[in-house]
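Please walk through this structure, starting from one helix and its surroundings, then moving to the core and to two asparagines.

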Amino acid sequence: NLKVCPFVDWGCKELGCLEVVKALGKKDLMVLIAKGCTSMTDQAMVDLCESQRENPTLKKVIIGEMNHLGTDGTFAMLKLMCLEGLEDGILNLHDFSKVEVHQRLKDLRMSSTLTCFSASGCLMGPEGAQAMVQAMTPMVNLTNIDFSNNALLAEGVIAMQPMLLANSSLKSLNLADNKMGNAGYESLAVSLQNCSELEKL
């Protein structure tokens with residue numbers, strides 16, 4: 001009857017993590033947490049995410065503080081965001097700056113059931129934002145988005161416009177510390193014109 005599985009500050013190397021993943025199997029997990037696992041390898045992250053990619057009961061994924069992961073591990077967690085039925089995806093403090101990640105992101109379509117998505121402090125940059133937005137379009141059920149501290153600049157904020165215009169149910173948007181400048185703020189003003197339910201900016 002396990003519903004929540006946290007991997008927090010473990011020595012999650014390949015063998016140990018793989019054994020846990022095998023034990024989890026197709027159990028009805030609702031919440032998966034992996035934070036600060038600095039020993040977790042790319043393969044361990046791939047195994048962990050793949051073990052849950054067909055779990056219809058998974059509602060919340062929190063994976064954070066692992067900016068040491070390579071392209072495969074990083075892409076595996078982003079791919080998990082495509083799981084239909086998933087509601088909350090929180091992927092903070094990673095490294096999404098790699099060109100390879102951007103290229104692979106463009107082939108993804110994140111879950112239409114996501115209502116909360118956070119990728120704060122992920123070194124996204126303008127190019128990463130463009131790739132991320134492409135993977136997130138169309139996602140019309142988002143109520144909370146956090147892209148703070150990503151050096152998006154004006155170009156990244158402008159790239160978000162189609163996604164934001166499509167999300168009239170948005171209630172909270174965090175774009176702090178992105179050095180967007182006047183052009184970014186002007187674009188944001190246009191982007192939010194349909195967000196009648198916005199409560200926090």
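The paragraphs below take up a covered helix, the nonpolar core, and two buried asparagine side chains in loops.

The model is predicted, so local features need pLDDT of at least 70 and side-chain atom pairs count only at pLDDT 80 or more, whereas totals for chains, interfaces and linings use all residues. Residues are numbered from 1 along each chain as its sequence is written, and side-chain values use heavy atoms, with hydrogens and water left out.

Helix α5 spans residues 125-135. Helices (H or I, at least four residues) and strands (E, at least two) are DSSP runs, numbered from the N terminus. Eight of the 11 residues of α5 are buried, where buried means under 20% relative accessible area, exposed over 50%, and partly exposed in between, with a 1.4 Å probe and protein chains only. The buried residues are Gly-125, Pro-126, Gly-128, Ala-129, Ala-131, Met-132, Val-133 and Ala-135. Their cover includes the helices α3 (71-80), α4 (99-105), α6 (153-159) and α7 (161-165), as well as strand β5 (116-118).

Met-132 leads from this helix into the largest nonpolar core, where it is among the residues with the most contacts, together with Leu-78, Met-110, Phe-117 and Phe-147. A nonpolar core is a set of buried Ala, Val, Leu, Ile, Met, Phe, Trp, Tyr and Cys residues joined through side-chain atoms within 4.5 Å; this one has 57 residues. At least two core residues come from each of β2 (31-35), α2 (42-50), β3 (60-64), α3, α4, α5 and α7. Beyond four places in sequence, Met-132 is in contact (heavy atoms within 4.5 Å) with Leu-78, Phe-96, Leu-105, Met-110, Phe-117, Met-124 and Phe-147.

Phe-147 is also touched by Asn-178, as are Ser-148, Asn-149, Asn-150, Ala-151, Leu-152 and Leu-153, again leaving out residues up to four places away. Asn-178 sits in the loop between β7 (172-174) and α8 (181-191). Asn-178 counts as buried because its relative accessibility is 2%. A polar atom of its side chain lies 3.1 Å from the backbone oxygen of Phe-147, and one lies 3.3 Å from the backbone oxygen of Ala-176. Asn-178 and Pro-126 are 52 residues apart in sequence, with a C-alpha to C-alpha distance of 9.8 Å.

Asn-55 belongs to the loop between α2 and β3. Asn-55 counts as buried because its relative accessibility is 5%. Its side chain makes a polar contact of 2.7 Å with the side chain of Gln-52, and another of 2.7 Å with the side chain of Thr-57. A polar contact is a pair of N or O atoms within 3.5 Å; within protein, one must be able to donate a hydrogen and the other to accept it, and residues adjacent in sequence count only if both atoms are side-chain atoms.
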